[in-house]
Amino acid sequence: MAAGRSAATKIDWTRITSSLGLKGSTATSLQAFKKRNDDARRKLAALQNQPQTVDFSKYRSTLNNSSVVDEIETHFKGWKPVTYDVGRQLKAIEAFEGQAVKSAEETKGKVDEEVKALEKTLGNIETARPFDELTVDEVAAAQPEIDKRTEQLVSKGRWQVPGYKEKFGDLSVL
C-alpha cells in the first residue's frame, strides 16, 4: 500500500501532458482526473487523521439496551479487513504487458521496413526521367514482360494490341 502511495505522489502531471502532446479534450480529461485524484488523497489524509476508536461505554450509558452495544462491540473487535492476494493478477498484467511490448516491437520493425521501402520507391520516383524521354529499350529493360508479350504477338502475326482500337479508335483513316 505504501508503495502505491509513493508512486502516486511521484506522478508529474505536467510532464505527462507535455511529453505525450495531449491537447483538447484529452488534456482536459487528464486535468479532471488529476483533480479527482488530489481530492481523494486530501479526503484520505483527513480521514486517517481522525480517531479510529469507538467509545462503547458512552453508547452503553446512552442506550437502554446495552446487550445490543455488547453484540456490536464483539463484532467490531472481531472484524478484520479482508486481504486479497493480487499477485496472480499482477503476474497476468505483467505477462500481458510483455506481450504488448513484444507485439509493439514487431509492429515497429514491420513499419520501419515499410518506411524504408517507401523511401526507396520515393527516391526512384524523384530520380526517374519523365516518361516521354524514355526509349523503348529502357522500357523493355525495366519491364521484360512487355518485350516478351510483344514478341508473342508478333510471332502470331498480330501487329495490334487487343482492345487498342476500342479504347483509342482507328487511326488508319487519317
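Helices here are DSSP runs of type H or I with at least four residues, and strands are E runs of at least two, both numbered from the N terminus. The structure on display is a predicted model, in which local features need pLDDT of at least 70 and side-chain atom pairs count only at pLDDT 80 or more, while totals for chains, interfaces and linings use all residues. Residues are numbered from 1 along each chain as its sequence is written, and side-chain values use heavy atoms, with hydrogens and water left out.

**First stop: helix 5**

Select residues 66-78, which form helix 5, and then show the side chains of glutamate 73 and lysine 77. These two residues are separated by about one helical turn, because they stand 4 residues apart in helix 5. Their side chains form a salt bridge, with the closest N and O atoms 3.1 Å apart. The term salt bridge denotes a side-chain nitrogen of Lys or Arg within 4 Å of a carboxyl oxygen of Asp or Glu. By this rule the count comes to 9 salt bridges.

Is glutamate 73 buried or exposed? Glutamate 73 counts as buried, at 14% relative accessibility, whereas lysine 77 is exposed, with a relative accessible area of 60%. The cut-offs are as follows: buried means under 20% relative accessible area, exposed means over 50%, and partly exposed lies in between (1.4 Å probe, protein chains only). Now add Arg60 and Asp70 to the selection; together with Glu73 and Lys77 they are linked in a network of salt bridges.

**Second stop: helix 3**

Move to helix 3, residues 24-49, and select phenylalanine 33. Phenylalanine 33 is partly exposed, with a relative accessible area of 42%. For a sense of scale, select serine 155 as well: the two residues are 122 apart along the chain, and their C-alpha atoms are separated by 77 Å.

Next, select lysine 34 and aspartate 38, which both lie in helix 3, 4 residues apart, or about one turn of the helix. A salt bridge joins lysine 34 to aspartate 38, the closest N and O atoms being 2.9 Å apart. Lysine 34 is partly exposed, at 25% relative accessible area.

Which residue should be added to show a further salt bridge of aspartate 38? The residue is arginine 41, whose side chain meets that of aspartate 38 at 3.8 Å, N to O. Aspartate 38 and arginine 41 are 3 residues apart in helix 3, so about one helical turn separates them. Arginine 41 is partly exposed, with a relative accessible area of 35%.

**Third stop: a nonpolar patch**

Select Val82, Tyr84, Val86, Leu90 and Ile93, which make a nonpolar surface patch of about 560 Å². Within this group, leucine 90 is found in helix 6, residues 87-127. Leucine 90 is partly exposed, at 46% relative accessible area. Patches are made of residues with over 30% relative accessible area and no salt bridge, like charges being joined within 9 Å and nonpolar side chains (Val, Leu, Ile, Met, Phe, Trp, Tyr) within 5 Å. Accessible areas come from the Shrake-Rupley method with a 1.4 Å probe, and for residues only the protein chains shown count as cover.

**Last stop: a loop**

Select valine 161, placed in the loop between helix 8 (144-155) and helix 9 (164-168). Valine 161 is exposed, with a relative accessible area of 52%. Finally, select arginine 129: valine 161 and arginine 129 are 32 residues apart in sequence and 26 Å apart in space, C-alpha to C-alpha.
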